[in-house]
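Open the model in your viewer and keep the selection panel at hand. The stops below go from one selection to the next.

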Amino acid sequence: MAQAPARAASAVRLFDAHCHLQDPRVAAVAPALIRAAAASGVARFAVNGTSEKDWHLVQQMAEDHPAVVPCFGLHPWWVPERSPDWMNSLRRFFAETPEAAVGEIGLDKGSHGKTIDFGEQVEVFQRQLELAKELERPVSVHCVRAFGDLLEVLKQTGPFPAGVLLHSYMGSSEMVSGLSNLGCYFSLSGFLIGMKSTKAKKMLKSIPLDRILLETDAPDALPRLDNVAVSPVPVHSSDADTEKRHIDSESQAANASNESLNHPENIHIVLNYVASLLEMPESELAELSYKNATKLFSYPGSKVQPEAEGI
Ligand SMILES: [Zn+2]
């Protein structure tokens with residue numbers, strides 16, 4: 001067959017390599033989001049905790065949903081709020097949840113990140129990288145305006161045979177090979193749409209094909225493109241009691257605060273955008289990114305099983 005037949009969106013397999021469905025803005029509707037995204041072909045969701053306050057929510061979500069891969073980590077924005085016992089608490093979560101990966105952790109010198117002591121960010125980041133190495137788990141890393149520091153810390157702490165996922169990668173093409181040599185994967189989100197397309201294209205083409213991942217970072221990173229309709233997050237009426245927590249998007253009044261929230265189903269928009277810049281068929285990018293994520297997340301103890309090599 002010269003050309004594969006066009007496939008319906010539902011025939012594509014996708015792996016949302018980084019999201020936060022435990023986020024309080026969407027937690028109440030997360031089962032509906034997971035169901036809808038799964039029906040569109042999203043087979044897995046790596047759900048990342050961000051602080052001691054939400055690790056138990058991630059743990060519960062992974063128990064409730066076979067498609068959810070739990071990740072526990074202390075995000076740089078929450079470094080100042082950590083308790084003196086945070087590392088022991090983190091270790092307890094890994095002991096209780098052997099299928100978990102590490103994340104979201106990282107370094108941030110962006111507008112909010114620069115208000116947080118950078119020395120403390122580095123210390124907290126490094127300790128969690130060491131934990132990921134000790135546990136032989138992949139680690140999901142956030143980096144904003146700190147790629148030089150990131151490279152230095154990863155060099156000091158690495159290599160990382162279990163892999164490092166650079167979430168929502170927006171670094172330069174020049175950084176790719178150095179990071180790739182240290183075991184990094186490059187996970188692309190809707191934020192990429194905000195990068196100049198010529199620069200994004202150059203960066204994407206510099207990523208080895210076996211290191212490309214796709215993510216939504218939902219409920220953040222809503223992919224905004226002209227003439228592309230996004231899947232809206234249904235509104236959950238806060239007074240509904242848990243007995244009849246039933247989401248009927250039609251009956252819900254539009255809630256302005258919901259309009260910026262990202263649905264994991266919007267990974268199809270990321271797929272479409274990245275495929276267009278890479279000049280690659282969507283189905284090919286879907287399949288290769290799915291395989292890459294499956295490889296990264298199929299560490300011993302994980303819910304994700306490695307796929308047989310070759311087809
Ligand atoms: Zn994130």
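Start by selecting strands 1 and 2: they run parallel and are joined by four bridges. This is a predicted model, so every stop describes a prediction. Within the pair, D16 stands opposite F45 in strand 2. Now colour strand 1 by burial: six of its six residues are buried, and the strand is mostly covered.

Next, extend the selection to strand 3 (residues 68–72). Strand 2 (residues 42–48) runs parallel to strand 3 and is joined to it by four bridges. To find the register, pick A46, which stands opposite V69 in strand 3.

Now show the whole sheet. It is open and parallel, with eight strands in the order 1-2-3-4-5-6-7-8. Strand 1 (14–19) and strand 8 (212–214) are the edge strands, each pairing on one side only. Looking across the sheet, you will find a twist that averages 30° from one strand to the next. Then add helix 4 (residues 118–135), which packs on the sheet and touches strand 4 (101–108) and strand 5. The direction of helix 4 makes about 155° with that of strand 4.

Zoom out for a moment to the full chain. It has nine helices and eight strands, and 42% of its 311 residues count as buried. Take the contacts between residues at least 6 apart in sequence: 77% of these join residues at least 24 apart.

Select helix 1 (residues 30–39). Which residues are buried in helix 1? They are A30, L33, I34 and A37. These residues lie on the same side of helix 1, because they cover an arc of only 95° around the axis. To see what covers them, display strand 2 and helix 2 (55–64), which are included in that cover. Just after helix 1, stop at G41, where phi is positive, at about 110°.

The next stop is the largest nonpolar core, which has 83 residues. Select L21, V47, V69, L166 and F186, the members that touch the most other members. In soluble globular proteins, nonpolar side chains tend to be buried together. Centre the view on L21 and leave out residues up to four places away in sequence. L21 then touches V26, A30, L33, I34, F45, V47, M61, A218 and P264. Among these contacts, A30, L33 and I34 are also buried residues of helix 1.

Finish at the annotated positions. In an unreviewed entry, UniProt lists H142 and H167 under "binding site". Although they are spread over 26 residues of sequence, they cluster in space, with a largest C-alpha distance of 5.6 Å.

Select H142 in strand 5 (residues 139–144). Is H142 buried or exposed? There are 26 other C-beta atoms within 10 Å, and a residue with 20 or more counts as buried, so H142 is buried. Leaving aside its neighbours within four places in sequence, H142 is in contact with H75, P76, E104, G106, D108 and H167.

Move to H167, in the loop between strand 6 (164–166) and helix 6 (173–181). H167 counts as buried because it has 29 C-beta neighbours inside 10 Å. Not counting residues up to four places away in sequence, H167 touches H18, E104, S140, V141, H142, S187, E215 and D217. To close, display E104, which appears among the contacts of H142 and also among those of H167.

Notes: Residues are numbered from 1 along each chain as its sequence is written. This is a predicted model: local features need pLDDT of at least 70, side-chain atom pairs count only at pLDDT 80 or more; totals for chains, interfaces and linings use all residues. UniProt positions are given in the numbering used here, feature names are shortened, and annotations may be inferred rather than shown by experiment. Helices (H or I, at least four residues) and strands (E, at least two) are DSSP runs, numbered from the N terminus. A residue is buried if 20 or more other C-beta atoms lie within 10 Å of its own, exposed if 12 or fewer, and partly exposed in between; C-beta atoms are placed from the backbone. Two residues are in contact if their C-beta atoms, placed from the backbone, lie within 7 Å. A nonpolar core is a set of buried Ala, Val, Leu, Ile, Met, Phe, Trp, Tyr and Cys residues joined through C-beta atoms within 7 Å. Two strands pair if DSSP finds at least two bridges between them. Axes are lines fitted to C-alpha atoms, for helices over the stretch in contact, and angles run from 0 to 180 degrees between N-to-C directions. The arc is that of the directions from the helix axis to the C-beta atoms.
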